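Hi,

Here is the structure I promised to pass on. Have a look at it first, then read my notes below with the viewer open.

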Amino acid sequence: MNPDILQRAAKIKMLLMDVDGVLTNGKLYNVPGPDGQMVETKGFDSRDGIGLQWLFWKGIKTGVISGRVSPATAERARQCKMAYVYQGHIEKVPILEEIIADAKIDLSEVAYVGDDLTDVVIMKRVGLAIGPANSRPEVKKVAHYVTAAAGGDGAIREVVELLLGAQGLWGEILRHYEVGE
C-alpha cells in the first residue's frame, strides 16, 4: 500500500459517500407498489453495511451526500448508523461545509468516496479522496485511491478495511470475530 494513502487514512475521523455508484451499483429499479404506483429502489451490499457499523463502533462518523432522494437510501443510512444523510443535493460543497462545521473537524480528517463528476469538487477538498473501480475516468484522476471493488460490490467495505487498518483498529475487529490476522 502506498505510504501516502496510509498516512492520509490514519487521520480520518469521518467517511462521507455518494450513494448511486458507490453504495450501489448505480442501477435504479422501478417496481410497482401496493397502490400500483411505481416505487424506486436500489440494492446495497451487506458487507459494506457491516463495515460501516464497524466504523460507528470505532467512533468514525459516516454519512451520505446524494443528488437523488430515495427512501431506500434513508433506510440504509439508518441501518448503518450514519450521522449525516443529505439527499437531493447535486451541489455538494455547501453540504460538505455544513457537515464539517457541525462535526468540528478539519477537511484533512474527511475521506470521501465518489464515482461521478458531481463528486470531484468534494474529492479535491478532503484529506482522502476515493473512487470505486467503476468510477468515471475523471474521478479516478483526482482520487488518491481507487478501490479494486466496484461500487455496490464491496467498494465501501474495502475503504473501511483501509481506514481501520491504517488506524491500527482492524486487528480488534478480527479478534472480535475470532479471526487470525
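Let's start with a small search: in which loop is the place of Gly-67? Gly-67 sits in the loop between β4 (61–66) and α3 (71–79). Before you go further, keep in mind that this is a predicted model.

How buried or exposed is Gly-67? Its relative accessible area is 32%, so Gly-67 counts as partly exposed. Try finding Gln-87 as well: Gly-67 and Gln-87 are 20 residues apart in sequence, yet their C-alpha atoms are 5.8 Å apart in space. If you skip the neighbours within four places in sequence, Gly-67 is in contact with Gly-88, His-89, Ile-90 and Lys-92.

Next, the sheet. Six strands form an open sheet with parallel pairing, and their order is β5-β4-β1-β6-β7-β8. At the edges you'll find β5 (84–87) and β8 (145–146); each has a single partner strand, so one side of each has no neighbour in the sheet.

Strand β1 (residues 14–17) is a nice one to click through. Both of its faces are covered. Met-14 and Leu-16 lie on one side, Leu-15 and Met-17 lie on the other, and all of them are buried. β1 runs parallel to β4, with four bridges joining the two, and β1 also runs parallel to β6, again with four bridges. Leu-15 is a handy marker here: it stands opposite Thr-62 in β4, and Leu-15 also stands opposite Ala-111 in β6.

Moving along, β6 (residues 110–113) is joined to β7 (residues 128–131) by three bridges, and these strands run parallel too. To line them up on screen, look for Val-113, which stands opposite Ile-130 in β7.

Just before β6 there is another residue to look at. Glu-109 is in the loop between α4 (93–103) and β6. Its relative accessibility is 16%, and the cut-off for buried is under 20%, so Glu-109 counts as buried. Not counting residues up to four places away in sequence, Glu-109 touches Lys-11, Ile-12, Lys-13 and Met-14. You've met Met-14 already, as one of the buried residues of β1.

Another acidic residue, Asp-45, has a loop position as well: look between β3 (38–41) and α2 (46–57). Asp-45 is buried, with a relative accessible area of 8%. What does the side chain of Asp-45 reach? It reaches the backbone nitrogen of Arg-47, at 2.7 Å. Leaving aside neighbours within four places in sequence, Asp-45 is in contact with Leu-23, Arg-76, Gly-152, Asp-153 and Gly-154.

Last stop: a pair of helices. Helix α1 (residues 3–10) packs against helix α7 (residues 155–166) at an angle of about 80°, and their axes are 8 Å apart. That angle makes α1 roughly perpendicular to α7. Which residues meet there? From α1 come Ile-5, Leu-6, Ala-9 and Ala-10, and from α7 come Leu-162, Leu-163 and Ala-166. Sorted by class, this contact has seven nonpolar residues, no polar ones and no charged ones.

That's the tour. Shout if you get lost in the viewer!

Cheers

Methods
Residues numbered from 1 in each chain as written. Predicted model: local features only at pLDDT ≥ 70, side-chain atom pairs only at ≥ 80, totals over all residues. Heavy atoms only, no water. Axes fitted to C-alpha atoms, helices over the stretch in contact; angles between N-to-C directions. Parallel < 35°, antiparallel > 145°, perpendicular 65-115°, else oblique. Contact = heavy atoms within 4.5 Å. Nonpolar A, V, L, I, M, F, W, Y, C, P; charged D, E, K, R; others polar. Buried < 20%, exposed > 50% of the residue type's maximum accessible area, 1.4 Å probe, protein only. Polar contact = N/O pair within 3.5 Å; in protein donor to acceptor, adjacent residues only side chain to side chain. Pairing = 2+ DSSP bridges.
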